[in-house]
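Thank you all for coming. I would like to go through one structure with you this morning, a piece at a time, and I will try to keep to what the coordinates show.

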Amino acid sequence: MSDASPSSATRPAPAAAGGGGPGLRGLLLAIAVAGLLVGTVAAVLGSLAAFERTLMTTVQSRLSEVATEVARNIENGLQAGVVLEQQRRLLAVLADERTQAPDLSAIRVNDERGRILFSTNEAEIGEAAPLAAAEMPNGDAPAQWFRADGARISLGLRLTGLFGEPLGSVTVTLPADTVDDQRARYAISLALGAVAIVAAGALLAALLLALLPLPGAARLEGLRRRLDTLYERAGLARPQPSAAPDPAQPAALPDSLARFEAWLDRRVGSLGEREAEVRRLDETA
Amino acid sequence: MATRPRLPLGPLLAVLLALGAALLGGAATVFVGFGQAESQFSAVLDEKALSRAQRVRRDLELAVGLGIPLAEIRGMWDYMEQIPANDPDIRFVAVTDAAMQRLHYGGIGRERLDPLLADPRVARGGRAAGIEPEAVSVDGFSISSLPLLQDGEIVGFVHVAVQGKQLRERLVRHARGSLPLVLLALLLAAELAAFLYSAGHSEPLARLRRLLEAAARSDGSRFELSGRHAGGELGAAMFRFNALMHRLSQRADRFLAYAEEVRRAVFEAGVAAQVESLARDSELGSAAGAPRLDRRLDARRSDLWPPLSLAAALLSAILCWFLLAGEWAGLLPVAAAAALGLAAARLLLPTGLSLAGTAVLGAVALLLFRLSPATAPPAVWIGLALGAGLLGGAALRYARRHGIRSGGAWLALRLLVGGASGLLAAVSAERLIEPVSLAGLALLAGAGAMLLRPAVRRLVLAAPEREAAAPGSRGTAGGGSA
């Protein structure tokens, strides 16, 4: 006849399946890394935006400097009594400016109808300026405009005669690639820096969490040990009464655990007694 | 004695940890970024200073060539003052004679200028510039000097200076525009921390407490097991609890089977009745046999967290964009689409389908998000609103199916946080330049997707799992750790 005595009484508790995860320390590390990541990404975006704006301000002032210089030469010519169309000296001025800033793609002087009067590219003199109608200077146009679109960055300066009458404009154009290269170089170096910061921060956080004592983790570990003990006791033929919890090894959920432990002791004790009684009756019979 | 409500120290510490990490990471990145920007701009600024010095030299050499002594050129005060006034990158312009005595200047005052010009490196730089112009760094100023020549003789120098500090101030000034993005990042970090702590610690611990209490109150006929386990110590404890209840059930089962075997085997009716009585009153199991093991599905409140927050974020971002563009009329179809999505998710569509639809709509909308409300096709906004409605509806449907009760304050807080996130994201996008605004939105979407992931898994996998673990079926202790 089979025996109801708990054959698994001496079987060890199952392997720590379900406990292989990172635990409380891992959770805190994940929280720290998440915060680090979010903060770093936001700072990268903010820094990129600040760099971009500063870069555009610098480019604008650089182009403005060139345009102002050309406009000053035109004004000098007008004061000397030479009309704009006949200021041939401007070609040399434009060439000189281009030499000083070789990254510029073009410097143009247009009349008020948009026809190119002078340009660093002599082949386009007499052509219509390659500008959208909205950009063309007119009576209501601002004295200076700046536009960055896909392929080029342009700055225009409205020219007026000695009596305020519109004469045309000076346009300085820079290929957008020049700025894009700067931006890309900055973005790459910043991204690498950010990756290094996140990696170093995560490593530091992991080190600190590994070294610092975490009472919460110890209490959870205590809870697991108590449940381990209860698992063993549930398999014993003659369960021993529960020992008082060790104050040196506190467990989480102490009240719930104590009530559960009392219930379990009562049920397992009763079951053990009944098992013994049935076995005795079986042997007697 | 009434117990005083305890401060939720754990979540508070988790939020503080995330905020501290976000601030430290952000500060370190800004520090590195500004350093890199300064080094990248310094070459550009030096070139600019040199270019300006060449212009001044050209003008002055024209005057000197006409025989006007350098110290007596008229209008120099205005000329020199205008240069730094018109170009904020230029800190000062100065003209000295061959002995480095200051003649004309503009920009900073004499008290600061004279010690800089007296530095021997400046004179050396000016003399060497004839061969190879190079900026000299003195007290934070980068000074480009060029010699003024008359008949091949040096009659003076032009000095133009830029300053890295000014560049840093400009970077800081421009970075202030990113304040909404910083606030958004801090809000997201806090929200992520609270969510992770709640989903990974508070809720599983509360679940284990409920299981222990339920077992202690039970009559022994039915036990409830944990349906999914966290990792680490808590997961191990839950696994042990399941294993313990399973062992108890198996032992009761074996005892009942043994008692039945003995009852059938004995010939004396009195002994058989005694054995039957012992088995019947065993306090473990019921008339049907050993204790029943029910595996709980364990749907939890934090499952609602991501979709609700993301839906609120999307809707408030749309609202903010329309308000910034002044297009009030466009809000009507958006509101209608959101309501439609909500209704569809709650009433009509299967959960998985609404989520799949939301993901597709979200991806399409994000790709087109860089368009402004004025030029974006209405389908984008309607799609986004529909997606937000579907998300909110799917979350509420999930809550209803699984009996999750969320307090009004909890729900209001989730919607408030989501709304604030959307508002800040929209304002950030408005303030920042195009590629960056797109990246900012990607950040929001990424964080949202990260939050959404566990909920999606739960929503998609919930139904078959529940059927498999329907009441009455015997769970295997510790069989499934989620």
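Let me start with helix 4 of chain A, residues 215–234, which has 20 residues and reaches 28 Å from its first C-alpha to its last, close to the 28 Å expected at 1.5 Å a residue. Please keep in mind throughout that this is a predicted model. Many of the residues in helix 4 of chain A are buried, among them A:Ala217, A:Leu220, A:Leu223, A:Leu227, A:Leu230 and A:Tyr231, but the buried set also includes A:Glu221, A:Arg224 and A:Arg226. What covers these buried residues of helix 4? The cover includes helix 1 (23–79) and helix 5 (254–284) of chain A, and, from the other chain, helix 7 (232–265) of chain B.

That brings us to helix 5 of chain A, where the 31 residues should span 45 Å at 1.5 Å a residue, and where the end C-alpha atoms are 44 Å apart, which agrees. Its buried residues include A:Leu257, A:Phe260, A:Leu264, A:Val268, A:Leu271, A:Val278 and A:Leu281, alongside A:Arg267, A:Arg274, A:Glu275 and A:Asp282. The buried residues of helix 5 of chain A pack against helix 4 of chain A together with helix 6 (179–217), helix 7 and helix 8 (269–280) of chain B.

Stepping back to chain A as a whole, its secondary structure comes to five helices and five strands, and from the N terminus on the elements run α-α-β-β-β-β-β-α-α-α. Buried residues make up 37% of the 285 residues in this chain. Among contacts in chain A between residues at least 6 apart in sequence, 66% join residues at least 24 apart. Within the strand region, strand 1 of chain A, residues 106–111, pairs with strand 2 of chain A, residues 116–119, in the antiparallel sense over three bridges, with A:Arg108 standing opposite A:Ser119. These two strands form a hairpin with four residues between them, in which A:Gly114 takes a positive phi near 95 degrees.

Chain B has a sheet of its own, and I would like to walk across it. Five strands form an open sheet in the order 2-1-5-4-3, and the pairing is antiparallel. Strand 2 (102–107) and strand 3 of chain B stand at the edges, each with a single partner strand, so one side of each is left without a neighbour in the sheet. Neighbouring strands of this sheet are turned by 25 degrees against each other on average, direction ignored.

Beginning at one edge, five bridges join strand 1 of chain B, residues 90–97, to strand 2 of chain B, the two running antiparallel, and here B:Thr96 stands opposite B:Arg102. Elsewhere in the sheet, strand 4 and strand 5 of chain B, the latter covering residues 153–163, pair over 10 bridges in the antiparallel sense, with B:Glu153 as the bridge partner of B:Gln150. The hairpin they form has two residues between the strands, and B:Asp151 in the turn has a positive phi of about 55 degrees. At the other edge, strand 3 (residues 136–138) is joined to strand 4 (residues 141–150) of chain B by three bridges, again antiparallel, and B:Val136 stands opposite B:Ile143. This hairpin, too, has two residues between its strands, and B:Asp139 in the turn has a positive phi of about 50 degrees.

Now to the contact between the chains. How many residues of chain B are in contact with chain A? There are 95 of them, in contact with 88 residues of chain A. The elements that give two or more residues to this side of chain B are helix 1 (9–65), helix 5 (164–175), helix 6, helix 7, helix 8 and helix 14 (434–468). The largest share, 24 residues, comes from helix 1 of chain B. The residues on this side of chain B divide into 57 nonpolar, 23 polar and 15 charged.

Finally, the nonpolar cores. The largest has 158 residues, and those with the most contacts inside it are A:Ile31, A:Val38, B:Ala18, B:Ala185, B:Ala189, B:Ala193 and B:Ala385. Helix 6 of chain B gives the largest share of this core, 20 residues. Leaving aside its neighbours within four places in sequence, B:Ala18 is in contact with residues of both chains, including A:Ile31, A:Ala34, A:Gly35, B:Ala189 and B:Ala193. A second, separate core of 21 residues includes A:Leu155, A:Leu167, A:Val170 and A:Val172.

Conventions: Residues are numbered from 1 along each chain as its sequence is written. Chains are lettered from A and ligands numbered from 1 in the order in which they are written. This is a predicted model: local features need pLDDT of at least 70, side-chain atom pairs count only at pLDDT 80 or more; totals for chains, interfaces and linings use all residues. Two strands pair if DSSP finds at least two bridges between them. The expected span of a helix is 1.5 Å times one less than its number of residues. A residue is buried if 20 or more other C-beta atoms lie within 10 Å of its own, exposed if 12 or fewer, and partly exposed in between; C-beta atoms are placed from the backbone. Two residues are in contact if their C-beta atoms, placed from the backbone, lie within 7 Å. Axes are lines fitted to C-alpha atoms, for helices over the stretch in contact, and angles run from 0 to 180 degrees between N-to-C directions. Ala, Val, Leu, Ile, Met, Phe, Trp, Tyr, Cys and Pro count as nonpolar, Asp, Glu, Lys and Arg as charged, and the others, Gly among them, as polar. A nonpolar core is a set of buried Ala, Val, Leu, Ile, Met, Phe, Trp, Tyr and Cys residues joined through C-beta atoms within 7 Å.
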